[in-house]
Amino acid sequence: MNVEECIFFMLARANQAGTRYWNNCLTDMNITAVQAMVLNFLGHQDSVTSKELSERSGLDSATLTGVLDRLEASGLIERRPHPKDRRAIQVCLTFDGRDMVPRIEQRLDRANQTFLAALSPEEQDQLRRMLRAVRTVSPAPPNAS
């Protein structure tokens, strides 16, 4: 198979293009695409444990910790002890973080529209359906042949 026709190559390239585009939409806000995603999740449900945030965002614990460190250093989130579980930490938006979420959502809406403008509304819906379907594929067993 030609590598350019391999679905994994095509998905990786599409992911790179989308991430690059979304990062460019956020440059003046001084946050990355992943940081914006985390802030957006917190904007919809604040004061969650890092474990819940990891599950919702699909980020592994190590990656999420680094993202949270940078957001906390920027004053957009804070970590607090969980009131009922001493082992858990709650992630909470600060005032500045809460103020940023609506601006992220507006940019996300515009970015989605312009990034997908080459596709018809039906094709956009079909692309979203197909991406949701392939996200549910189980990982291959080790050394699958």
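Okay, so a search of the whole structure turns up seven salt bridges. Keep in mind this is a predicted model. Let me walk you through a few of those pairs, then the helices and the sheet.

Start with K51 and E55. Their side chains meet in a salt bridge at 3.9 Å, N to O. Both residues sit in helix α3, residues 50-57, and they're four apart, so about one turn of the helix. K51 and E55 are both exposed.

Next one: E72 with R79, where the closest N and O atoms are 2.7 Å apart. How exposed are these two? E72 is partly exposed, at 31% relative accessible area, and R79 also counts as partly exposed, at 28%.

Then there's R87 with D85, closest N and O atoms 3.2 Å apart. R87 is exposed, with 77% relative accessible area, while D85 is partly exposed at 24%. And back to E72 and R79 for a second: salt bridges with shared partners tie D69, E72 and R79 into one network.

Okay, the sheet. It's open, three strands, order β1-β3-β2, and the pairing is antiparallel. On the edges you've got β1, 48-49, and β2, 77-81, each pairing on one side only. β2 is joined to β3, residues 89-93, by five bridges, and those two run antiparallel. If you want one to click on, E78 has C92 in β3 as its bridge partner.

Last stop, helix α2, residues 33-44. That's twelve residues, reaching 17 Å from first C-alpha to last, close to the expected 16 Å. Which residues are buried there? A33, Q35, A36, V38, L39, N40 and L42.

Technical notes
Residues numbered from 1 in each chain as written. Predicted model: local features only at pLDDT ≥ 70, side-chain atom pairs only at ≥ 80, totals over all residues. Heavy atoms only, no water. Expected span 1.5 Å × (residues − 1). Buried < 20%, exposed > 50% of the residue type's maximum accessible area, 1.4 Å probe, protein only. Pairing = 2+ DSSP bridges. Salt bridge = Lys/Arg side-chain N within 4 Å of Asp/Glu carboxyl O.
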